[in-house]
Amino acid sequence: MIIEGKTNKWEIVCGLEIHCQIISKSKIFSTASTKFGADANQNVSFVDAGMPGMLPTLNKYCVHQAVKTGLGLRAVINKYSEFSRKNYFYADMPTGYQITQFQYPIVGEGIVTIDLDDGTTKDIRIERMHIEQDAGKSIHDIDPHKTFIDLNRAGVGLMEIVTKPDFRSPEEAGAFLRKLRSILRYLETCDGNMDEGSMRCDVNVSVRPLGSDEFRTRCEMKNVNSVKFVMQAIENEARRHVEVYENGGKVEQETRQFDAVSGQTKAMRKKEFAHDYRYFPEPDLPPLILTDEYIKQVADELPELPDAKKARFVNELGLTKYDAAVICENKEVAYFFEKAAVGHDAKKVANWLMGDFFAMLKCKNLTIDESPVSAENLGKLVDLIEKNVISGKIAKDVFEIMSETGEEPEKIVEEKGWKQVTDSSAIEAIVDKVIANNADKVAAYKGGKTGLMGWFVGQVIKESQGKANPKMVNDLVVKKLS
Amino acid sequence: MAIDKQTVNRIAFLSRLKIDEDKTEDTQDEFNKILNWVEQLAEVNTDNVEPLSSVNDNPLVCREDKVVEGEQADKILANAPVEEYGYFVVPKVVE
């Protein structure tokens, strides 16, 4: 995206930092539960509460999840990493410091390929990913003078993914967040729900004159909580920078707040020494050492990721790039599709899935896991059409019954007597009848109104109650009218 | 490295410690004594020596992903200055 200013053309330079809650049963440094929605302060251990003398112990599974995620980001896994203390005071962080990783993160540089609307792709470079603990939750809106603190979230494992400043438009950042969410869900390392806060995004934005390669002062918007808002924040913040520069001003490096209602960003109250975190190595945890063997073991567990799956669907199953992208974005949809497509015409299964099937789920407000129509039955329905047992039109009626009862399509077709008529003498009889009853139309057709052809076919199919095979009807009508 | 008065006040602020005006100078002296003492390390040649981040030689011990603690809000909140509806309650921390 290029911003046309009054005097100049400007380019956006944007990088993202994404906090992703690790899926694990217990917290990263304590044995309290990570379960969402418990009563206040029930999922809290003495470690999380910052009681004197309590020591953190690292959760093995959180390390496993981080390595898995790193591999999914095609990133370097650092065999040596260290924990550090990041010191700051805030009411929802009882220890006065966050255990995080600073100089030596567990994951180094990687790449995420994003898909753009024009069909092209772009590689976004990952700078690093480190693991750390989440803070508790402060609730400011219960009382005008008080803040309420719930420590249930304090100590839940986080992966912080930092990108290079590779985004040149809001669309690229949006595509990245969708792809990242998709990868995390395939990996089952984070559920990626931005609206519930399990994935949170900080946005860094600056601008520069088009064609220049300088980096100008950037501003940061913290905790922007939807893909749409991230895109809005980038565009509006970039436009603000352009305006400041073109009016001869200077952009101050600061943290700004994104206001979802206006879509604008505004300066936050200046926090004194806000960035003086005085990091130092965490004395309670020795360095984390991983072996090649361990990393390989985790790599062997990786599922097929969305990009690989998409390429396979295009190359082996003949799907269009667009269809494959839509189906692969969501792991559950991709798995359902594969189950439905096996042994059947994959392209037709994709059409049904993305057409009537999605419409049905939407209408009934169901997730794909709750679908009354099973993957196997969707595949069978496509087969019935392919084998000329039913027409595409009848198939829609069959599908409607399937989505009510969950029954097998063969059974429905059998019970309703909807089997397509492929007996040519039976069809011929109907064709003859229609021709005999419509002498005027026949005369008109022979007089040159060839457009009536479709009308005849329609009449025959109607007469057969939709059961006559359309291709056979077509052929017979052509033959009889010539 | 010498610590000035301004740095003493800044560290006090970051640590949320109140240092009375008449104690600032004493604190400054103490800081400087400690730093001077540690400065002796600069006399050692550390070329080709890896920075040390921990004096703890023990390997990192990890634990299994099991829930053991919890359901003890009463104990967690026992030292809270104010508690309401199971929450810690503090003076408002945003504007």
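These legends walk through a few close-up views of a predicted model.

**View 1. A salt bridge between K222(A) and E220(A).** Here the side chains of K222(A) and E220(A) meet, with 3.5 Å from N to O. The two partners sit in rather unlike surroundings, so it's worth looking at each in turn. K222(A) has a relative accessibility of 40%, so we call this lysine partly exposed. E220(A), on the other hand, is buried, at a relative accessible area of 11%.

**View 2. R256(A) and E237(A) pair up across the chain.** This view shows another salt bridge, with the side chains of R256(A) and E237(A) 3.3 Å apart, N to O. The pair links distant parts of chain A: R256(A) belongs to strand β14 (residues 255–258), while E237(A) comes from helix α3 (residues 227–246), and 19 residues separate the two. Is this pair buried or exposed? Both R256(A) and E237(A) turn out to be buried.

**View 3. A salt bridge between two helices, α8 and α10 of chain A.** Look for D356(A) and K396(A), whose side chains meet in a salt bridge at 3.3 Å, N to O. D356(A) lies in helix α8 (residues 346–364) and K396(A) in helix α10 (residues 392–405), so this contact ties together parts of chain A that are 40 residues apart in sequence. D356(A) is partly exposed, with a relative accessibility of 23%. K396(A) is partly exposed too, at 44%.

**View 4. A network of salt bridges.** D115(A), K179(A), D307(A) and K310(A) are joined into one network by salt bridges that share partners. For the wider picture, the structure holds 49 salt bridges over all chains.

**View 5. Helix α12 of chain A and its buried side.** This helix runs through residues 424–437, which makes 14 residues. From first C-alpha to last, α12(A) reaches 20 Å, close to the 20 Å expected at 1.5 Å a residue. Which residues of α12(A) are buried? They are I427(A), I430(A), V431(A), V434(A) and I435(A). These residues cover an arc of only 135° around the axis, so they end up on the same side of α12(A). On the face turned away from that buried side you'll find the exposed residues A436(A) and N437(A).

**View 6. What the buried residues of α12(A) pack against.** Stay with α12(A) and look at the neighbours of its buried residues. Three helices of chain A take part: α13 (439–446), α14 (453–463) and α15 (470–481).

Note on methods. Residues are numbered from 1 along each chain as its sequence is written. Chains are lettered from A and ligands numbered from 1 in the order in which they are written. This is a predicted model: local features need pLDDT of at least 70, side-chain atom pairs count only at pLDDT 80 or more; totals for chains, interfaces and linings use all residues. Side-chain values use heavy atoms; hydrogens and water are left out. A salt bridge is a side-chain nitrogen of Lys or Arg within 4 Å of a carboxyl oxygen of Asp or Glu. Buried means under 20% relative accessible area, exposed over 50%, partly exposed in between (1.4 Å probe, protein chains only). Helices (H or I, at least four residues) and strands (E, at least two) are DSSP runs, numbered from the N terminus. The expected span of a helix is 1.5 Å times one less than its number of residues. The arc is that of the directions from the helix axis to the C-beta atoms. Contact means heavy atoms within 4.5 Å.
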